[in-house]
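Student: Hi! Could you walk me through this protein with me asking questions as we go?
Tutor: Sure, let's have a look together.

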Amino acid sequence: MTIPNSEFLKTMTERGFFHQCSDIEGLDKLSADGRIVAYVGYDCTAPSLHVGSLISIMMLTWLQKLGGKPIALMGGGTTRVGDPSGKDETRQMRTIDEIETNKNGIKQVFEKFLKFGDQGSDAMMVDNAEWLAPLNYIDFLRDVGRHFSVNRMLTMDSAKLRLEREQELSFIEFNYMLLQAYDFVELNRRYGCNLQMGGSDQWGNIVTGIDLGRRMGVKDQLYALTCPLLTTASGAKMGKTAAGAIWLNEAQLSAYDYWQFWRNTEDADVARFLKLFTFLPLDEIARLEKLSGSEINEAKKVLATEATALLHGRDKAEAAAETARKTFEQGTLASDLPTIEIPRSELDAGIGILVAFVKAGLVSSNSEARRQIHGGGLKVNDVAVTSDKASLTPADASASGFIKLSLGKKKHILLRPV
């Protein structure tokens with residue numbers, strides 16, 4: 001691929017965002033002329049997005065930094081249907097109230113990355129329920145459905161993979177690609193949107209939107225740009241850990257735990273993630289990339305602090321880094337470690353060690369806690385737990401009133417009796 005001329009596509013390429021484009025020369029010219037209006041859609045299936053969505057959020061952020069206009073599209077309408085892409089079974093149906101609650105939680109993240117307003121490149125946030133909810137089914141079938149070939153729809157990965165695995169694909173899910181394609185047309189008509197971005201698993205849906213726009217008489221040329229679906233160097237899906245998803249809202253995951261997630265990046269992923277998830281200059285990243293041996297840990301700390309600063313602010317990022325330094329380098333009890341409260345009466349009566357670690361969220365079940373104990377993985381106040389019959393009592397609390405629970409060397413929670 002030739003190196004693009006526009007700063008936006010050059011940045012997408014150099015920093016690892018670029019996977020596939022419907023017409024790179026046309027989009028490059030559009031970008032160079034400062035005329036890109038791009039959107040990414042986010043369905044409201046949970047009260048927070050997780051870190052797997054961060055790559056597309058960063059694409060919108062770079063677009064705005066380089067003069068384009070970003071649109072964050074909330075899927076208030078499409079969430080009622082459910083995207084079958086990448087799923088082996090039908091998504092759980094959400095009520096309208098649940099979707100609204102989730103949408104309000106998701107909105108909080110975008111305010112950390114994008115500048116919203118009514119001027120030039122100011123970002124917009126819109127909800128596709130505005131045009132999908134009032135649709136008349138018969139009119140939609142006549143005006144939009146007639147442009148879709150079922151034969152072609154069945155070749156799309158979102159449908160084909162489900163059918164090849166002999167997993168049920170509901171009729172409502174089968175309609176998802178029609179709705180996503182129609183979103184692109186509506187966003188163009190309403191706001192002049194000419195580019196849809198998303199993960200590589202959305203390629204079929206996005207180019208279907210381009211085709212629908214052409215068939216429905218959209219005058220603008222529409223474009224598609226996808227980013228890779230990220231996996232770690234060891235092949236794990238980005239943002240999925242043994243403890244669960246890495247959420248972007250602080251209500252679901254503390255700034256400290258978010259910092260720790262990036263600090264635990266595999267050596268082989270550090271440079272790639274610095275390019276994708278920070279705004280550090282490429283020459284600075286190249287310098288950090290040359291670090292090896294134990295020095296690579298310094299690059300990981302930079303990644304953790306910069307990525308956390310973007311989401312939670314510089315103060316919380318540096319506080320998380322300092323908490324980690326105290327905990328791991330000095331071996332001291334940092335009172336700003338993640339904390340959960342337990343009734344003092346439970347501690348007075350003696351709370352079972354297995355129950356305590358499950359309450360703290362360090363293990364998912366009593367049986368997992370037992371396995372960790374037998375492997376030497378659980379500690380109380382930095383002392384290994386040796387019996388699954390042990391209990392915590394007020395005598396285990398430090399002078400400051402906390403009990404420190406640890407899973408391995410990097411996961412710590414403070415219990416605070418109240």
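**Talking through the model**

Tutor: Keep in mind that this is a predicted model. To start, Arg 370 is partly exposed, with a relative accessibility of 35%.

Student: Which side chain does Arg 370 meet in a salt bridge?

Tutor: That would be Asp 388, at 3.3 Å from N to O. Asp 388 sits in the loop between β12 (383-384) and β13 (391-392), while Arg 370 belongs to helix α19 (residues 366-374), so the salt bridge ties together parts that are 18 residues apart in sequence.

Student: And how many salt bridges does the count come to?

Tutor: The count is 21 salt bridges. One of them joins Lys 103 and Asp 127, whose closest N and O atoms are 2.5 Å apart. Lys 103 is in helix α4 (residues 96-113) and Asp 127 is in strand β4 (residues 124-127), so to speak of distance along the chain, they are 24 residues apart.

Student: Are Lys 103 and Asp 127 buried or exposed?

Tutor: Both Lys 103 and Asp 127 are buried.

Student: OK, what about networks? Which residues are linked in a network of salt bridges?

Tutor: Glu 130, Glu 186, Arg 189 and Arg 190 are linked that way. Within this group, the side chains of Glu 130 and Arg 190 meet at 3.7 Å, N to O. This pair connects distant parts of the chain, with Glu 130 in helix α5 (residues 129-132) and Arg 190 in helix α10 (residues 176-191), 60 residues apart.

Student: Why is Glu 130 called partly exposed?

Tutor: Because its relative accessible area is 43%, and partly exposed covers values between 20% and 50%.

Student: New topic: in what order do the strands of the open sheet come?

Tutor: The 6 strands run β1-β6-β5-β2-β3-β4, with mixed pairing. At the edges are β1 (20-21) and β4, each pairing on one side only.

Student: In which sense do β2 and β3 pair?

Tutor: Strand β2 (residues 37-43) and strand β3 (residues 69-75) pair in the parallel sense over 7 bridges. Ala 38 stands opposite Pro 70 in β3. Helix α10 packs on the sheet too, touching β2, β3, β4, β5 (195-199) and β6 (223-227), and its direction makes about 145° with that of β2.

Student: Last one: which residues make the nonpolar surface patch?

Tutor: Tyr 137, Ile 138 and Leu 141 make a patch of about 310 Å². Ile 138 lies in helix α6 (residues 137-143). With a relative accessible area of 58%, Ile 138 is exposed.

Note on methods
Residues are numbered from 1 along each chain as its sequence is written. This is a predicted model: local features need pLDDT of at least 70, side-chain atom pairs count only at pLDDT 80 or more; totals for chains, interfaces and linings use all residues. Side-chain values use heavy atoms; hydrogens and water are left out. Patches are made of residues with over 30% relative accessible area and no salt bridge: like charges are joined within 9 Å, nonpolar side chains (Val, Leu, Ile, Met, Phe, Trp, Tyr) within 5 Å. Accessible areas come from the Shrake-Rupley method with a 1.4 Å probe; for residues, only the protein chains shown count as cover. A salt bridge is a side-chain nitrogen of Lys or Arg within 4 Å of a carboxyl oxygen of Asp or Glu. Helices (H or I, at least four residues) and strands (E, at least two) are DSSP runs, numbered from the N terminus. Buried means under 20% relative accessible area, exposed over 50%, partly exposed in between (1.4 Å probe, protein chains only). Two strands pair if DSSP finds at least two bridges between them. Contact means heavy atoms within 4.5 Å. Axes are lines fitted to C-alpha atoms, for helices over the stretch in contact, and angles run from 0 to 180 degrees between N-to-C directions.
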